[in-house]
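These are my notes from going through one structure, entry by entry. I wrote down what I looked up and what I found.

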Amino acid sequence: MAIKNEYLLSVLETVKKRNPSEPEFIQAVTEVFTSLEPVIEKRQDLIDAGVIERIVEPERQIIFRVPWTDDNGVQHVNRGFRVQFNSAIGPYKGGIRFHPSVYSGIIKFLGFEQIFKNSLTTLPMGGAKGGADFDPKGKSDNEVMRFCQSFMNELHKYISADIDVPAGDIGVGAREVGYMFGQYKKLKNCWEGVLTGKGLTYGGSLVRKQATGYGLCYFTKEMLAANGMSFEGKTVLVSGSGNVAIYACEKAKEYGANVVAMSDSNGYIYDKDGIDLDLVKQIKEVERKRIKEYADRKPGAVYTEGCKGIWTIPCDIALPCATQNEIDGESALILAKNGCKVVSEGANMPSTPEAIDVYFAKGMLYGPAKAANAGGVATSGLEMCQNSMRYSWTAEEVDAKLKSIMKDIFTACDTYSKEYGMEGNYMAGANIAGFLKVADAMKAQGAV
Ligand code: NDP
């Protein structure tokens with residue numbers, strides 16, 4: 001992936017100068033720019049309107065102190081973030097991540113990607129992301145609650161159902177969303193759909209929990225079908241064992257695939273007979289324990305320390321669903337050598353640029369994150385819609401809408417890749433389709 005267009009290179013230089021210690025953000029911008037060269041050549045009007053310079057600069061970044069007290073009365077201070085990146089096509093929308101690795105570069109890359117992903121869903125949502133360098137692992141429910149309340153004590157000033165609607169991400173699931181929603185309601189004295197991923201008894205949408213993982217499989221199924229393939233009988237690797245991974249595994253199995261491995265940040269399990277998903281759910285969702293437990297409880301399953309090793313298992317399809325840059329060039333080469341034909345991304349930016357180069361060089365099918373994992377935010381958009389209507393759709397209704405959105409996203413990726421002379425490059429198709437809608441909206445609204 002190399003950018004040749006001088007104008008894009010000059011904007012990228014400015015991005016690098018302004019954000020020198022944020023490699024993930026620079027990586028995300030570079031990837032989008034590689035796809036935009038043919039667009040920029042046709043659309044001088046977007047250059048004249050300054051759209052490219054504006055789209056790489058967040059509209060607003062909020063960084064705040066999050067003090068909290070642990071169960072032993074010891075004081076702690078974490079750093080909270082909300083990056084409101086782009087509101088051209090709708091209120092800011094994007095998840096909140098609680099993980100010790102969180103800093104502004106991570107939140108900015110996620111917020112930037114979110115702009116294009118949300119645009120691809122066709123729903124009216126702008127791009128944002130937030131989080132904190134807080135590690136919920138090993139904390140009691142009360143500690144997590146106090147942290148979430150403290151986080152919201154500051155964040156509530158900047159969000160509302162029509163301004164910015166956060167959701168979950170790594171380390172933020174239904175429990176954390178519930179605590180944050182409760183605190184927002186108390187502070188604002190207002191019940192509104194200000195967060196998505198809520199519990200079903202207080203405004204949550206059916207199928208939201210499953211949506212990113214299911215959506216990934218709906219997208220991948222379309223991509224496979226367009227290339228004469230299917231999930232049926234395929235060996236699949238799913239990295240991670242959190243929300244996205246669990247429901248990607250569930251749908252891939254339903255489609256007839258044999259999912260043989262999952263992981264967490266400590267290591268991975270290999271179960272050649274096929275992952276017992278009920279056991280994974282028990283360990284991860286109910287007991288909140290490590291994936292290692294699986295091998296202790298399931299005869300024949302093997303646990304190996306170190307999460308990168310999962311990519312050395314021979315497979316037909318790889319679904320990375322853990323975190324950014326989890327597949328590097330070396331792992332991509334091993335996947336290809338072992339016969340992997342498809343990589344479709346549940347996690348955000350899980351492939352390094354070198355890995356993506358390998359996918360294209362080896363003729364693998366590549367489903368890029370901002371298209372393949374858009375089912376989560378799409379269903380969040382459906383949750384916002386239900387909250388506004390004071391109404392709930394059935395699981396079948398939400399699932400049918402999700403399926404149709406994912407099918408349309410694949411069609412957009414395919415169509416735009418062909419229109420701009422890069423047939424089969426769904427990354428370029430996704431970037432171009434997502435970009436054009438936002439760029440046209442920004443231009444129409446003037447230089448604000
Ligand atoms: P969860 O917190 O539920 O699960 C994350 C999983 O990934 C866990 O198994 C975790 O292991 C593993 N993981 C996290 N960090 C690392 C790391 N540095 N190295 C290796 N493994 C790691 O998060 P989600 O399932 O919600 O999110 C997973 C990915 O999907 C993220 O990239 C997220 O941005 C993306 N995504 C999520 C959406 C959603 O709706 N939730 C929507 C769209 C994208 P451990 O428990 O050891 O930390």
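**Entry 1: the cavities**

I began with the enclosed space, and the largest cavity has a volume of about 50 Å³. The model is a predicted one, and I keep that in mind throughout. I counted cavities of 30 Å³ or more and got 2. A general note for myself: rolling a probe the size of a water molecule over the atoms shows where empty space is left.

Next I looked up which residues line the largest cavity. They are E31, E113, E345, M349, S351, I356, Y366, P368, A369 and K370. I sorted this lining by class and found 5 nonpolar, 1 polar and 4 charged residues.

**Entry 2: the second largest pocket**

I then turned to the second largest pocket, which holds about 300 Å³ of space. Its lining is made up of 15 residues. Nearest the centre of this pocket I found A161, D162, M384, C385 and S388. By class, the lining of the second largest pocket has 8 nonpolar, 4 polar and 3 charged residues.

**Entry 3: the ligand**

How many residues surround the ligand? I found 25, and the closest are D169, T212, S265, R290 and N348. I looked up three polar contacts to oxygen atoms of the ligand.

- In the side chain of R290, an N or O atom is 2.4 Å from a ligand oxygen atom.
- For V244 the partner is a polar backbone atom, 2.9 Å from an oxygen atom of the ligand.
- R208 has a polar side-chain atom at 3.0 Å from an oxygen atom of the ligand.

**Entry 4: two residues with positive phi**

Most residues other than glycine have a negative phi. I looked up two residues that have a positive one.

V207 is not a glycine, yet its phi is positive, at about 75 degrees. I placed V207 in the loop between α7 (174-188) and α8 (208-226). Its relative accessible area is 11%, so I entered V207 as buried.

R288 is also a residue other than glycine, and its phi is near 50 degrees. I found R288 in the loop between α10 (277-286) and α11 (292-297). Is R288 buried or exposed? At 52% relative accessibility, R288 counts as exposed, because the cut-off for exposed is over 50%.

**Entry 5: E287**

I stayed in the loop between α10 and α11, where E287 is also found. The relative accessibility of E287 is 26%, and therefore I wrote it down as partly exposed. That value falls between the limits of 20% for buried and 50% for exposed, which is why neither of those words applies.

Which residues does E287 touch, not counting those up to four places away in sequence? I found Q282 and R297. The side chains of E287 and Q282 are joined by a polar contact of 2.8 Å. With the side chain of R297, the side chain of E287 makes a polar contact of 2.6 Å. I also checked E287 against A322: they are 35 residues apart in sequence, and their C-alpha atoms are 19 Å apart.

**Entry 6: T121**

I found T121 in the loop between α5 (104-120) and β4 (126-132). Its relative accessibility is 0%, so T121 counts as buried. The side chain of T121 reaches the backbone oxygen of N118, at 2.6 Å. Leaving aside neighbours within four places in sequence, I listed A374, V377, A378, I405 and I409 as the contacts of T121.

**Entry 7: V342**

V342 is part of strand β11, which covers residues 342-344. I noted V342 as buried because its relative accessibility is 0%. Not counting residues up to four places away in sequence, V342 touches T220, M223, L224, M229, D316, I317, A318 and L365. From V342 to S417 I read 18 Å in space, C-alpha to C-alpha, and 75 residues in sequence.

**Entry 8: V448**

My last entry is on V448, in the segment after α17 (426-444). Is V448 buried or exposed? Its relative accessibility is 78%, so V448 counts as exposed. V448 and V83 are 365 residues apart in sequence, while their C-alpha atoms are 17 Å apart in space.

Key: Residues numbered from 1 in each chain as written. Predicted model: local features only at pLDDT ≥ 70, side-chain atom pairs only at ≥ 80, totals over all residues. Heavy atoms only, no water. Helix = DSSP H or I, 4+ residues; strand = E, 2+ residues; numbered from the N terminus. Buried < 20%, exposed > 50% of the residue type's maximum accessible area, 1.4 Å probe, protein only. Polar contact = N/O pair within 3.5 Å; in protein donor to acceptor, adjacent residues only side chain to side chain. Contact = heavy atoms within 4.5 Å. 1 Å grid on protein atoms, 1.4 Å probe; cavity = no way out; pocket = protein on both sides within 12 Å on 5 of 7 lines; lining within 4 Å. Points joined across faces, edges and corners; volume = space filled by probe spheres on them. Nonpolar A, V, L, I, M, F, W, Y, C, P; charged D, E, K, R; others polar. Near = heavy atom within 4 Å.
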